[in-house]
Amino acid sequence: QINKELYNLAVNYNVSASEDQVYISFSGLDENFDAAAKIIEELLNDPMPDQKALDNLVKSTIKSRNDATINKEQIFREALDNYATYGAENPFNAVISNAELKALKAKELTDLIKSVPTYKHKIYYYGPRSLKDLTAFMQKNHKVAPQAKAYPPEKKYKRAESNENTIFLFDYDMVQAEVQMMRNYKAFDAKELPLLTAFNEYYGGGMSSVV
C-alpha cells in the first residue's frame, strides 16, 4: 500500500542499513514533496509489526546462511579472510544466531525502527526549495527527541598479530587451487595511496599485468 501510494506520487524511496549507519532517502517531483515526506515520516514513526512477514524473512535468511556454507567465494574471500585478519572473533561472524533469529518478535524490530529518529542524525536535501522553507517544513513534520541520543559505542576488532608464518588450509572439492597471501602493515596513510594503486595495477591489474 505504501509503495502504491508513493508510486502514485511519482516518488522513489529507499531504506538501507550498513554496519554503522541507516539511510532513508526519497526523490521525486517537488510538488509532491510534502505528501511523500509525511508518508515516510509516518512509516518511520508508526511502523506496523507483521510477524508472518518476519517469519518468512527469517526462513529466507537461514536458507541463505546454509547456502553460504558451501559457497567457495564466501568461505574463502570473506569468512577465511576475516578469520586470518582478526582471529576467531571477527566482523564476519558477528551476527545473531539462527535460534535468536527464530525467537525475534516483529514488535522488537518496529521498536528499533521507531528509535532511529531519537538518535543524532543529519538531513541532506537538494532541490528548488529555500533553506528557510525546508527548515520550517522539517521542524513542523519531522519528529525528533528533545535530546538526541548519542550513538552506541562502536565494536572494534583487534587485528591478529602475525609474528610467524601461518598457513590456513581450506579443503574444498575443486579442480583449481587458490592461494592468498596476507601480511600486517602499518596504519593506512592516504599519502601512499597513489603508490599502492600503481603497485596493484602493475602486478594485479588483469591479464596485462606482470603477474
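**Helix packing, nonpolar cores and aromatic contacts**

In this predicted model, the buried residues of helix α7 pack against helix α2, which spans residues 33–45. Helix α7 itself runs over residues 131–141, and its buried positions are Leu134, Phe137, Met138 and Asn141. These four positions lie on the same side of α7, because they cover an arc of only 95° around the axis. Such an arrangement follows from helical geometry, since an α-helix has 3.6 residues a turn, so residues three or four places apart point the same way. On the face of α7 turned away from this buried side, the exposed residues Lys132, Gln139 and Lys140 are found.

The largest nonpolar core consists of 6 residues, namely Leu54, Val58, Ile62, Leu101, Leu104 and Ala106. Helix α3, comprising residues 51–68, supplies the largest share of this core, with 3 residues. When neighbours within four places in sequence are left aside, Leu104, a member of this core, is in contact with Gln51, Leu54, Ile96 and Leu109. Apart from the largest core lies another one, of 5 residues, which include Phe33, Ala37, Phe137 and Met138. Both Phe137 and Met138 also belong to the buried residues of α7. In soluble globular proteins, nonpolar side chains tend to be buried together.

Aromatic contacts form a further element of the model, which holds 8 aromatic pairs. One of them joins Tyr83 and Phe168 in an edge-to-face arrangement, with 5.6 Å from centre to centre and 90° between the planes. Because Tyr83 lies in helix α4 (residues 72–86) and Phe168 in the loop between α7 and α8 (193–204), this pair ties together parts that are 85 residues apart in sequence. Both rings are partly exposed, Tyr83 with a relative accessible area of 40% and Phe168 with one of 39%. The pair of Phe170 and Tyr172 is tilted, because the ring centres are 5.5 Å apart and the planes stand at 50°, an angle that falls between the limits of 30 degrees for stacked and 60 degrees for edge-to-face pairs. Phe170 is partly exposed, at a relative accessible area of 30%, and Tyr172 likewise counts as partly exposed at 30%.

A single aromatic cluster is formed by Phe26, Phe33, Tyr125 and Phe137; of these, Phe33 and Phe137 are also among the residues of the 5-residue core. Two lysines, finally, are placed over tyrosine rings: Lys149 lies over the face of Tyr119 at 4.6 Å from the ring centre, while Lys155 lies over the face of Tyr157 at 5.4 Å from the ring centre.

Terms used: Residues numbered from 1 in each chain as written. Predicted model: local features only at pLDDT ≥ 70, side-chain atom pairs only at ≥ 80, totals over all residues. Heavy atoms only, no water. Buried < 20%, exposed > 50% of the residue type's maximum accessible area, 1.4 Å probe, protein only. Helix = DSSP H or I, 4+ residues; strand = E, 2+ residues; numbered from the N terminus. Arc of directions from axis to C-beta. Contact = heavy atoms within 4.5 Å. Phe/Tyr/Trp six-rings, centres within 6.5 Å; stacked < 30°, edge-to-face > 60°. Lys NZ or Arg CZ within 6 Å of the ring centre and 35° of its normal. Core = buried A, V, L, I, M, F, W, Y, C linked by side-chain atoms within 4.5 Å.
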